[in-house]
Every structure is written in structure tokens, then in C-alpha cells.
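Hi,

Here is the structure I promised to pass on. Have a look at it first, and then read my notes underneath.

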Amino acid sequence: MSLHPHGRRVQRSAAVDGFRLAYDRVGTGVPAVLLHGWPSDRTEYRDVIPLLSMLDVVVPDLRGFGESDKHPGDASTHYSAEAQARSVIGLIEELRLDRPVLGGHDIGSRIAVAVARLRPDLIRELVLTPPLPGIGARILSPEAQQQFWYVSFNKLGLADELIDGKPDAVRAFLRHFWSHWSGPHFTLADHHLDHLVAMYSPPGAFTASLAWYRVGAGGVARIAAERPPTTGERLAVPTTVLWPSDDVLFPSSWADRLTDYFADLRVHHLANTGHFVPLESPDTFATNVIRAAHRDVDPRHSR
């Protein structure tokens, strides 16, 4: 299978806040929208898409990634979770998707939660992997900070100076994370790394991908400052969480506070799986999207 399914010509959404999203759309049936993580693009779901042939699957590049628009400007205005969510909401409405399952990995999960908070009426269910709410100040521990150094680095202009527009530097940077964060039984295929290097290497592309980390006080500070909502304000959209056992960033023990944030929650711990769940466990990810698409709707969730 090619990285862009079936060799389809890239499709583009209408602009939201001046950003058009590139996306692939494959299949028919109950809709599902899948949001990728960092450092990646929509091809992160290349092995999931063929398993969802019974669904109408839409997989966009987020703002600033892949073949979607990349505009300079204030990161808080254009690249926050809420700003990214506006583009996803616009895509769902433009394509007239009837309450899709919304899947997310890594920053895609944060954006999916933002979509569900802004427009719960649009979403059937969520299928998510870490990071998720509930981590809190644990991210500031010395052990965690040995892994999360990159968040501070990504905020520096030095990152742009050293890496942006330099394919060899981009390759070394991406290879580090795809090797270090993956589980013991997974290696990113050379052709997939070549694709990501091609996407992240044009001048400005690497810098655009870092905008997520340049919002406000930065990712670590935002996570550390999170506080759970009141019981009645927890997210009501039914949510399935797939938490990998071998994620060096997000240990399984950090799943303990999810019920403080999600009112209708299922958690599955995935053995022998690292951070990149859609590529490391595509069968499991696809199975849970299909279950969410066809789960009987509880009257409590009627909208």
C-alpha cells in the first residue's frame, strides 16, 4: 500500500481561519475521522485505513503538517488545540459527516478532546491514545523530564536555526523520536521515514510543525496546570482509550485519573506496544474504531 491510500489525488477542505486541510477519504458507511500526532502526518494511519473498509474514513493533515496549509503568525491564535479543532469541525461539517467516530493519537488526541468539548453534538464516540487529561504535575518529575526535554527545545528559535530546511538534520531529529518512542518490536519502515523527511524538510515546514509547542506557556506547563472539572462537567462523549504498555513518555500508571475527565470511559492497556499505537497496533486501533462506529447508542447519549 502506498503512503497515500490508493494513489488518490490529495483533497483539500474549505479554509477555516485561512487554513485548508489536506485529507484522504476512503470507503463508505459510518464515518470516522482520524487525527495524527507529532512528529508525523496523516500517513500515520496507513495500516489502519485498509482495516476500516466498511467505514467512511477521513484522515486529514492537521494545520501546519503534511500537505495542509502552514501560515506564520501567533501560535496561540492559529495552532492551539481549539484552533486546530475549528478546522476539524469545519471539515466534518463541510463533508456532512453524520456524527463520526473521532480517533486521535498523540497531539491528535488533545485536538479530538477539544473538538468534543466544543461540539459534542457532532461526535459519535472518541478513540484515543495518550497524551490525555489527568497527567498533571507528574510531568514535572525528574524521570518524566528526561523524556520531555524536546518540548522546551521545540519552543526555541534555535530549533529552527539548526533543523528547519535541512533534510539531514530533519532526518536525524525524526529518527531519534521514531526509534526512542516506539515499542521493542517496531521499527519505522525506511520508506515511511523518507516520506516524513520529505514532508518536514521544505523551508518553514519543520518550524510550522513546532507551533503546537509554542502556544502560550508551552505543553508541559499546560499539562501540569490541568485541573479536573466537576463531576457534572466531565466530557460526556463515549470514549475509548488505548494506553500502550511500553510508551516511554506516558507510563500506564498515568491512566489512573481518566475518570476525573471522562464520564463514559473504556480503557484498554496494550501489551508490547510503544507510543505509536496506530502503526504499532493497527489491528487494535481499527477494531476499536469499528466497535465505536457500531456500538448501540445508549439513550443517555442521544442528542
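**Two cis prolines, and what else turned up**

Pro-131 sits in the loop between strand 6 (125-128) and helix 4 (142-145). The peptide bond leading into this proline from Pro-130 is cis, with omega near 10°. Before I go on, please keep in mind that this is a predicted model.

There is another cis bond to look at, this one joining Trp-38 and Pro-39, where omega is about -5°. Pro-39 belongs to the loop between strand 3 (31-35) and strand 4 (56-60). I mention these bonds because most peptide bonds are trans.

How confident is the predictor? The mean pLDDT of the protein is 93, and 94% of its residues reach 70 or more. The stretch to treat with care is residues 297-303, where pLDDT stays under 50. For that stretch the model has ten contacts beyond four places in sequence.

**Positive phi values**

Most residues other than glycine have a negative phi, so a couple of residues caught my eye. Asp-106 has a phi near 55°, which is positive although the residue is not glycine. You will find Asp-106 in the loop between strand 5 (101-104) and helix 3 (107-118). Is Asp-106 buried or exposed? Its relative accessibility is 4%, so Asp-106 counts as buried.

Asn-272 also has a phi near 55°, again a positive value in a residue other than glycine. Asn-272 lies in the loop between strand 8 and helix 11, and at 52% relative accessibility it counts as exposed.

Ala-271 is in that loop too, between strand 8 (265-270) and helix 11 (277-280). With a relative accessible area of 55%, Ala-271 is exposed. Try locating Ser-245 from there: the C-alpha atoms of Ala-271 and Ser-245 are separated by 5.2 Å, with their positions 26 residues apart along the chain.

**How some of the helices pack**

Start with helix 2 (residues 81-94) and helix 3. Their axes are 8 Å apart and the helices pack at an angle of about 70°, so helix 2 and helix 3 are roughly perpendicular to each other. On the helix 2 side, the contact is made by Ala-81, Glu-82, Gln-84, Ala-85, Val-88 and Ile-89. Helix 3 brings Arg-110, Ile-111, Ala-114, Val-115 and Leu-118. Sorted by type, the residues of this contact come to eight nonpolar, one polar and two charged.

Now for helix 7 (residues 167-180) and helix 8 (residues 190-200), whose axes come within 9 Å and cross at roughly 130°. That angle makes helix 7 oblique to helix 8. The crossing of helix 7 and helix 8 is right-handed. What does helix 7 use to meet helix 8? Helix 7 offers Pro-167, Val-170, Arg-171, Leu-174, Arg-175 and Trp-178. Across from them in helix 8 are Leu-193, Asp-194, Leu-196, Val-197 and Tyr-200. The contact of helix 7 with helix 8 divides into eight nonpolar residues, no polar ones and three charged.

**Two more residues to click on**

Ala-116 lies in helix 3 and is buried, with a relative accessible area of 1%. Which residues does Ala-116 touch, not counting those up to four places away in sequence? They are Ile-123, Leu-126, Leu-235 and Val-237. For Ala-116 and Leu-126, which are ten residues apart in sequence, the C-alpha to C-alpha distance is 8.2 Å.

Lys-70 is found in the loop between strand 4 and helix 1 (75-78). Lys-70 is partly exposed, at 29% relative accessible area. Leaving aside neighbours within four places in sequence, Lys-70 is in contact with Gly-64, Phe-65, Tyr-79, Ala-205 and Ala-208. If you select Lys-70 together with Asp-247, you are looking at residues 177 apart in sequence and 29 Å apart in space, C-alpha to C-alpha.

Cheers

Terms used. Residues numbered from 1 in each chain as written. Predicted model: local features only at pLDDT ≥ 70, side-chain atom pairs only at ≥ 80, totals over all residues. Heavy atoms only, no water. Axes fitted to C-alpha atoms, helices over the stretch in contact; angles between N-to-C directions. Helix = DSSP H or I, 4+ residues; strand = E, 2+ residues; numbered from the N terminus. Parallel < 35°, antiparallel > 145°, perpendicular 65-115°, else oblique. Left-handed = near helix turned anticlockwise from the far one by under 90°. Contact = heavy atoms within 4.5 Å. Nonpolar A, V, L, I, M, F, W, Y, C, P; charged D, E, K, R; others polar. Buried < 20%, exposed > 50% of the residue type's maximum accessible area, 1.4 Å probe, protein only. pLDDT = per-residue confidence, 0-100.
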